[in-house]
Amino acid sequence: MGNTTHRKSVADIRAAIAAERRELAAMLDGLSAGDWDAPTLCAGWRVRDVAAHMTMGFRYPLSKVAWELVRARGNLHRMTDRCARKDAAGYATRELAAFLRDNADHPWKPPVGGFETALGHDVIHGLDITVALGLGRRVPEDRLRILLESIDARTLKFFGADLKGIELRATDLDWTFGTGRPLSGAAQDLLLLAYGRRLPPGRLHGASHN
């Protein structure tokens with residue numbers, strides 16, 4: 001259906017971000033100790049590492065981000081990985097959940113991109129956790145549409161998603177993307193694929209994909 005239909009205002013997107021953070025905080029509050037140490041779709045990170053990463057923007061002033069980036073010799077991936085693991089070890093799980101809840105309305109945005117990108121950061125990392133744990137959480141449609149309609153060639157390139165010759169077809173929303181052999185699944189699973197994630201077997205149907 002293309003990516004140009006339901007554009008949202010900044011106020012709408014910020015309200016979606018706040019709701020997503022509160023719901024994810026409640027989800028984290030309900031996890032067992034074993035769940036916090038379980039792997040996620042974010043390769044190499046446990047649930048506690050993802051939660052620590054999600055809240056880094058609230059806890060690190062720009063000066064500290066710059067210092068950590070210098071320590072990582074300019075490698076953003078190395079910096080975020082080190083900080084996530086360090087903070088996951090330094091905070092109790094209840095604190096990590098509270099950081100998300102208490103900062104639901106925080107205006108943080110990633111270094112590149114606006115509030116749509118911030119929403120994507122929260123939604124995708126939330127799905128990294130819930131899909132890996134098999135929790136069955138469904139992201140509300142309005143939030144999914146904001147992100148689905150922002151997918152373009154730059155998104156795919158940034159996250160290393162090779163979807164050349166494949167048409168994504170949502171089975172629960174009127175949304176498609178790309179051209180070629182059809183690959184179908186729930187909209188949030190297709191969103192994860194576009195963000196470079198590897199999904200558990202059986203969630204997508206159709207064209208083979210990497």
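Helices here are DSSP runs of at least four residues, numbered from the N terminus, and a pocket is an open set of grid points with protein on both sides within 12 Å along at least five of seven lines. With these terms in hand, the reader can turn to the structure itself, which is a predicted model.

The largest pocket has a volume of about 1600 Å³. Its lining is made up of 41 residues, and those closest to the centre of the pocket are Leu 76, Pro 110, His 121, Phe 158 and Phe 159. Several helices give two or more residues to this lining, namely H3 (47–54), H4 (56–59), H5 (62–71), H6 (76–90), H8 (115–133) and H10 (153–158). The largest share, 6 residues, comes from H8. Sorted by character, the lining of the largest pocket divides into 22 nonpolar residues, 13 polar residues and 6 charged residues.

Helix H8 also appears in the surroundings of another helix, H9, since H8, helix H1 (10–29) and helix H11 (187–194) are included in what covers the buried residues of H9. Helix H9 spans residues 141–148 and is mostly covered, with 6 of its 8 residues buried. The buried residues of H9 are Arg 143, Leu 144, Arg 145, Ile 146, Leu 147 and Leu 148.

The strands of the model can be followed next. An open sheet of 4 strands has the order E2-E1-E3-E4, and its pairing is mixed. The edge strands, each of which pairs on one side only, are E2 (176–177) and E4 (205–206). Strand E1, residues 166–170, is joined to E2 by 2 bridges, and these two strands run antiparallel. Within this part of the sheet, Arg 169 stands opposite Thr 176 in E2.

A last step concerns the cysteines, where the count of disulfides comes to 0. Cys 42 is in no disulfide, and the nearest cysteine sulfur, that of Cys 83, is 15 Å away. Why does the sulfur of Cys 83 form no bond with that of Cys 42? The closest cysteine sulfur to that of Cys 83 is the one in Cys 42, and because it lies 15 Å away, it is too far for a bond; a disulfide needs a pair of cysteine sulfur atoms within 2.5 Å. Cys 42 counts as buried, at 13% relative accessibility, and Cys 83 is buried too, with a relative accessible area of 1%.

How values were computed. Residues are numbered from 1 along each chain as its sequence is written. This is a predicted model: local features need pLDDT of at least 70, side-chain atom pairs count only at pLDDT 80 or more; totals for chains, interfaces and linings use all residues. Side-chain values use heavy atoms; hydrogens and water are left out. On a 1 Å grid over the protein atoms alone, a cavity is a set of points where a 1.4 Å probe fits but cannot get out, and a pocket is an open set with protein on both sides within 12 Å along at least five of seven lines; lining residues have an atom within 4 Å of a point. Grid points are joined across faces, edges and corners, and a volume is the space filled by probe spheres set on the points. Ala, Val, Leu, Ile, Met, Phe, Trp, Tyr, Cys and Pro count as nonpolar, Asp, Glu, Lys and Arg as charged, and the others, Gly among them, as polar. Two strands pair if DSSP finds at least two bridges between them. Buried means under 20% relative accessible area, exposed over 50%, partly exposed in between (1.4 Å probe, protein chains only). Contact means heavy atoms within 4.5 Å.
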